[in-house]
Amino acid sequence: MIKELIPSQNFEIVRDSIGFLLSQEINSQKQKQNSRFTEDVNVFLERTTPIDNSEEVVINVNLASSDFNNKTQKDSQGKTFFNIDIYSKGAASPIESGSLNSSLKLHKYIGLVRYILQHTEYKTLGLPSGFIGGTNFENFTIMENSNKEDSDFFKMAVISFSVRIQESQSMSETIDLNEIFTNVKIEETEKGYIYQFIKN
């Protein structure tokens, strides 16, 4: 058995750091004189509940995937991808359609997120030097609204952001092979074979 308590993985820490620094920087930008970022913005982590019409701009940070291509018994390094979803709601005015208003708002916040994540201030995402091996704003995709009758003019974009992260684990001590499986047996159930622990 593994003796130590398994810690949070680095991709979990990076996920939380992305959400924190986006929230912090957006709030800071809103406070600056003559700021063009005046919308009500909320940043979420792994949100699954639908966006409702009371929300003007929503940013949602999601862990997407990881590809570890440099592995040893002690550690592994690879590129981890995060999806950053941005939702905007528009309103029609005498000089601008609701659809255009929402689109321009969405584009503005795509640019804001790109600027923050690629700024040299956050080349390590606020984490200690050596924690990550680099970041990249990969791309963004603007999604088509399937509801053509949407009166709130919702728009959505997905940003793909990658971080080169190293994960590690402790090395195990040597053990007598005869002792490995003494407390486990395999039993057949209607759902398939299952591992069962033998109580002493």
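**Serine 17 and the core**

Colleague: Which residues does serine 17 touch, not counting residues up to four places away in sequence?
Modeller: This is a predicted model, where local features need pLDDT of at least 70 and side-chain atom pairs count only at pLDDT 80 or more, while totals for chains, interfaces and linings use all residues. Residues are numbered from 1 along each chain as its sequence is written, and side-chain values use heavy atoms, with hydrogens and water left out. Contact means heavy atoms within 4.5 Å. With residues up to four places away set aside, serine 17 touches Leu125 and Leu127.

Colleague: Is serine 17 buried or exposed?
Modeller: Buried means under 20% relative accessible area, exposed over 50%, and partly exposed in between (1.4 Å probe, protein chains only). Serine 17 has 13% relative accessibility, so it counts as buried.

Colleague: In which helix does serine 17 lie?
Modeller: Helices (H or I, at least four residues) and strands (E, at least two) are DSSP runs, numbered from the N terminus. The protein has two helices and seven strands. Residues 10–31 form the helix that holds serine 17, namely α1.

Colleague: Which element gives the largest share of the largest nonpolar core?
Modeller: A nonpolar core is a set of buried Ala, Val, Leu, Ile, Met, Phe, Trp, Tyr and Cys residues joined through side-chain atoms within 4.5 Å. The largest one has 30 residues, and Leu117 and Leu125 are among those that touch the most other members. Elements giving two or more residues to this core include α1 and α2 (98–118). The largest share, seven residues, comes from α2.
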